[in-house]
Amino acid sequence: MRNRSLKKKRKHKNSKNHFWSLFHLIFFLLLTIISQVGGVLYLFSVLVYRLTSSYKKSLLAFITIYALVSGVLLPWFSSYGGRVPLPVNHPYLKPANWFTVITNRHYVSPLVKQELISAAQDIAIENKGYQMIYLDANFPFINGFPLIPHLSHDDGKKVDIAFTYSKDNQISTKLPSIWGYGNYVNPDYTPKQVCPNAGTVYGITEKLPFTNYYNELNINDKLNAAVARRLLKAQRLEKIFVEPYLRKKWSLDHPLVRFQGCHSVRHDDHFHIQFR
Ligand SMILES: [Zn+2]
């Protein structure tokens, strides 16, 4: 009788352990996919919980060490691997949102940083009130480590730049989508026109929530064309991806302005800039 209840207890304990192992694994993978280093730091907080049996202390440990690593250590150590963070507080170049920065998705090679600052400054001098807004770039370390959901942001040489909008005929530094992605210049343009066999990836960004958060903004055609033209003058620029109808509309007839292909997400909500 006693043996049976001991067995039952052991079985219950085992299934509980399996549940927690799976829970930790999912969290580890999720945080690694989102921020590269978050998964490893999560394991540290699990260790703190094992030592203290306190959820509060392990959460506090995670937040403290994450802030310290992301805010101080990564910008310092990433430079040894040839990547630097894009500026967070710069008069002409800024992130679309804090999520990009907190999750370490704003790292590029020093040359890319220099070229973006220089281009943003030149455009701002001619267009008062302009700020270049960057979206996802790359993680701080490891060539080939993907920045999901992007296919190619894995070497410090790719960065997405948001389109520029106007409000009441004035240049705005706001974006209609809080992510910078998913609000298309021409929502009636369907992928099927260009990619009859396009998969679900092509229009996946429209499924994000809050893509029409600031809906009083209008696309600034003239300035977007000027931004692309100035970026084309950057050193070691390899290509710019934008949807073919915008290439035509903004008169960007240049061999480095290209269609990204049907395997990727659509590019009528941002420029994808790629350096050599
Ligand atoms: Zn991109």
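In what follows, buried means under 20% relative accessible area, exposed over 50%, and partly exposed in between, with a 1.4 Å probe and protein chains only. The structure is a predicted model, in which local features need pLDDT of at least 70 and side-chain atom pairs count only at pLDDT 80 or more, while totals for chains, interfaces and linings use all residues. Residues are numbered from 1 along each chain as its sequence is written, and side-chain values use heavy atoms, with hydrogens and water left out.

I begin with the metal site. The zinc ion is coordinated by His153 through NE2, Asp160 through OD and His272 through ND1, at 2.0 to 2.2 Å. Donors here are N, O and S atoms within 2.8 Å of the metal (3.2 Å for Na, K and Ca); water is not among the atoms, so sites may look incomplete. The donor spacing in sequence is H-x6-D-x111-H. Is His153 buried or exposed? His153 counts as buried because its relative accessibility is 2%. Asp160, at 1%, likewise counts as buried.

I turn to the sheet. Strands are DSSP runs of E with at least two residues, helices are runs of H or I with at least four, and both are numbered from the N terminus. Two strands pair if DSSP finds at least two bridges between them. An open sheet of three strands runs in the order β7-β6-β8 with antiparallel pairing. Strands β7 (170-172) and β8 (218-219) are at the edges with a single partner strand each, so one side of each has no neighbour in the sheet. Between β6 (residues 165-167) and β7 there are three bridges, and Tyr165 stands opposite Ser172 in β7.

Tyr165 and Ser172 also appear among the residues that line the largest cavity. A cavity is a set of points on a 1 Å grid over the protein atoms alone where a 1.4 Å probe fits but cannot get out; lining residues have an atom within 4 Å of a point. Grid points are joined across faces, edges and corners, and a volume is the space filled by probe spheres set on the points. There are two cavities of 30 Å³ or more. The largest has a volume of about 40 Å³, and the second largest about 30 Å³. Lining the second largest are, among others, Ala162, Phe163, Tyr165 and Asp269.

Finally, the UniProt annotation "transmembrane region", from an unreviewed entry, covers residues 21-47 and 59-77; such annotations may be inferred rather than shown by experiment, and positions follow the numbering used here, with feature names shortened. Residues 59-77 are 100% helix, with end C-alpha atoms 25 Å apart.

Definitions and conventions: On a 1 Å grid over the protein atoms alone, a cavity is a set of points where a 1.4 Å probe fits but cannot get out, and a pocket is an open set with protein on both sides within 12 Å along at least five of seven lines; lining residues have an atom within 4 Å of a point.
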